[in-house]
Amino acid sequence: QFSRKMTGFVYDSPEDKNLVEQGMELAAGEMKKSIAQSPQDFRLKLFLGRHYNDFYNFSKDSAKLNLALDILEKSKELSPKNQQVYWSLAQTKLLQGKTDESINLFKQAVELYPRFGQSHWYLAMVYKIVGQSDLALREIEEAERVGFLWRDNLENVKKVIEIYQDLKDYENVVSLYESAVKTNPQDAQLWAGLGVAYANLGQFEKAREAAKKAKELKPDFAPQLEEFLKSLPQ
């Protein structure tokens with residue numbers, strides 16, 4: 001994730017959404033007051049820029065991205081070697097659809113501190129988004145080499161699986177799925193994914209076993225899994 005996101009809030013009416021937006025506006029106002037009191041504190045500007053990125057994610061109001069860009073550029077002027085500023089600016093550019101500029105900002109963050117794995121990871125994720133899976137994999141390997149423990153986070157593992165799938169490297173897809181089901185043996189989606197991965201390698205008996213396990217764990221998957229099982233060579 002490139003930044004914190006507003007998640008988990010369910011609104012049932014426009015009034016509910018308006019209340020959230022009002023709250024976010026109030027929060028932005030309070031941050032501006034803090035900035036006025038401490039104008040040389042780059043962190044306050046960074047927090048406000050992130051807030052505007054989050055605000056856009058919630059409201060889809062493109063004006064919030066312009067506000068984010070303006071305040072984050074000011075934060076960068078105050079602290080031109082802080083990676084977090086570059087990450088947040090890169091996210092703003094990505095949300096604006098300016099992928100080349102976003103990539104360049106993530107690259108700058110990597111160049112500032114090449115041994116900080118999280119910057120390599122973020123650069124990998126934006127390469128993944130734009131479909132440059134070979135470059136994404138290169139950055140993931142570098143992130144791991146300098147100590148970023150992506151294998152310890154299931155969501156990160158799933159992202160790397162997707163990259164290997166795009167590259168049709170099914171052996172590594174299977175390897176990651178096998179590791180994932182060992183630590184998450186009750187996750188039906190992982191078992192289903194492992195079944196498909198086995199099938200892509202021509203290991204049809206293992207594919208059947210994995211699909212049946214997924215069906216046991218999640219009977220709701222039965223129709224799709226039955227179709228998958230029928231499609232496998234005997």
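These are my notebook entries on helix 8, the nonpolar core and one loop residue.

**Ground rules.** I am reading a predicted model, where local features need pLDDT of at least 70, side-chain atom pairs count only at pLDDT 80 or more, and totals for chains, interfaces and linings use all residues. Residues are numbered from 1 along each chain as its sequence is written, and side-chain values use heavy atoms, with hydrogens and water left out.

**Helix 8.** I began with helix 8, residues 154-166 (helices are DSSP runs of H or I, at least four residues, numbered from the N terminus). I checked its span: 13 residues at 1.5 Å a residue should cover 18 Å (1.5 Å times one less than the number of residues), and the end C-alpha atoms are 19 Å apart, which agrees.

Next I asked which residues of helix 8 are buried (under 20% relative accessible area, with exposed over 50% and partly exposed in between, using a 1.4 Å probe and protein chains only). They are Asn156, Val157, Val160, Ile161, Ile163 and Tyr164. Down the helix axis they fall within an arc of 160° (taken from the directions from the axis to the C-beta atoms), so they line one face of helix 8. Their cover includes helix 6, helix 7 and helix 9.

**Trp150.** I then looked up what Trp150 touches (heavy atoms within 4.5 Å). Leaving aside residues up to four places away in sequence, its partners include Asn156, Val157 and Val160.

**Gln96.** Lastly I visited Gln96, in the loop between helix 4 and helix 5. Gln96 counts as partly exposed because its relative accessibility is 24%. Its C-alpha atom is 9.1 Å from that of Asn66, 30 residues apart along the chain.

Key: Helix = DSSP H or I, 4+ residues; strand = E, 2+ residues; numbered from the N terminus.
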